[in-house]
Amino acid sequence: MNSLSVEHMLGIKYLIKDDINLIFKTADNFKKIINQPIKKVPSLRDVTIANLFFENSTRTKLSFELAEKRLSADVINFSSASSSVKKGETLLDTVNNILAMKVDIVVMRHPNPGASVFLSRNIKAKIINAGDGTHEHPTQALLDSYSIREKYGIVEGKKIVIIGDILHSRVALSNIYCLKKLGADVGVCGPSTLMPKYLDSLGVKHFSNLNSALNWCDVANVLRIQLERQDVQLFPSLREYSNVYGINKNVLDNLNKNITIMHPGPINRGVELTSDVADSEHSIILDQVENGVAIRMAVLYLLSLKK
Ligand code: CP
């Protein structure tokens, strides 16, 4: 297989296992290139890409922009905070105006679940979902699984536990889809108030005890508590959350094995992870960031081949 089965990158739900493996193989090549003295290739010359961010981002925005520039694309950036969205312009009008400037690919982050699916049905451009509300964040899940593959050589059969705010996390949902398609054993761990009602339908193990989860897993992917998405208080306090579900060096030292720590960022240091864990030899958090560029180059390149 040398072509994706999809026209857009809207969510991991829509991919088949061969798509994911093709993205990984392509990212392997791009990772070699971006570690050479000349990091740029002409693959997307004459392709114009608009990065539309209707919600804050550091890693995803910079990573997409760097990936696009490494591929020699023409890049325009849009941030809703400084745009006419503030004057009441609709999403479709905003995007249609940008497309009138002859844009080929749109990378969009939006607070509303389904926003990128909506765009893909209404405009003629390739759409990449860079995170849509609590729904999906496909390139984050791809770079997470790619980082596990890099660490262990294989994802199939590995035990991955996702810890924290599963209810509000697009990273969790995309990771669960991606890891399961690749044959990993997936668990989730956190307070029951931060677990979605549809958890059983996802086919994952549920741990309420942190030590049981960590003793079971090879990899712990630790999520940020998303206070900005909680309309009501779902646990007593950050301090109590940290006492029960936070990972510090003492927690890791008391396990009967070594595990790998991941985090999609941004980290609430001292809440879900202490610095002596986030910055330790167990952590591959900065490898995830590095791999994000190669994965996004692969996704952009493979989508650009679809006519
Ligand atoms: N991981 C992630 O999506 O980070 P940003 O919100 O900074 O893009």
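In the predicted model, Ile105 is a buried residue, because its relative accessible area of 2% falls under the 20% that marks the limit for this class. Ile105 is placed in strand 3, a strand that runs over residues 105-110. When residues up to four places away in sequence are left aside, Ile105 touches Val47, Thr48, Ile49 and Ala50, and the list of its contacts continues with Lys126, Ile128, Leu300 and Ser304. With respect to Lys61, from which Ile105 is separated by 44 residues in sequence, the distance in space from C-alpha to C-alpha is 15 Å.

A second buried position is found at Asn175, which is counted as buried because its relative accessible area of 0% is likewise under the 20% cut-off. Asn175 has its place in helix 6, which comprises residues 170-181. The side chain of Asn175 is engaged in a polar contact, at 2.9 Å, with the side chain of Asp144. Asp144 also appears among the residues that Asn175 touches, together with Ala141, Ile162 and Asn221, where residues up to four places away in sequence are not counted.

With regard to the overall arrangement, the protein chain is divided into domain 1, made up of 12-136 + 289-304, and domain 2, which covers 138-284. Between the C-alpha centres of domain 1 and domain 2 there is a distance of 25 Å, and the contact between the two domains involves 29 residues of domain 1 and 25 residues of domain 2.

The ligand is surrounded by Ser57, Thr58, Arg59, Thr60, Arg109, His137, Gln140, Pro264 and Gly265, and to this shell domain 1 and domain 2 each contribute at least three residues. In terms of character, the residues of the shell divide into 6 polar, 2 charged and 1 nonpolar. Several distances between individual atoms describe how the ligand is placed within these surroundings. An N or O atom in the side chain of Arg59 is 2.9 Å from an oxygen atom of the ligand, and a distance of 2.9 Å is also found between an oxygen atom of the ligand and a polar side-chain atom of His137. In the case of Pro264, a polar backbone atom lies 2.8 Å from a nitrogen atom of the ligand. Of the 250 Å² of accessible area that the ligand has on its own, 91% is covered by the protein.

How values were computed:
Residues numbered from 1 in each chain as written. Predicted model: local features only at pLDDT ≥ 70, side-chain atom pairs only at ≥ 80, totals over all residues. Heavy atoms only, no water. Near = heavy atom within 4 Å. Polar contact = N/O pair within 3.5 Å; in protein donor to acceptor, adjacent residues only side chain to side chain. Areas by Shrake-Rupley, 256 points an atom, 1.4 Å probe, with all protein chains shown as cover. Nonpolar A, V, L, I, M, F, W, Y, C, P; charged D, E, K, R; others polar. Domains from an automatic or database assignment. Helix = DSSP H or I, 4+ residues; strand = E, 2+ residues; numbered from the N terminus. Buried < 20%, exposed > 50% of the residue type's maximum accessible area, 1.4 Å probe, protein only. Contact = heavy atoms within 4.5 Å.
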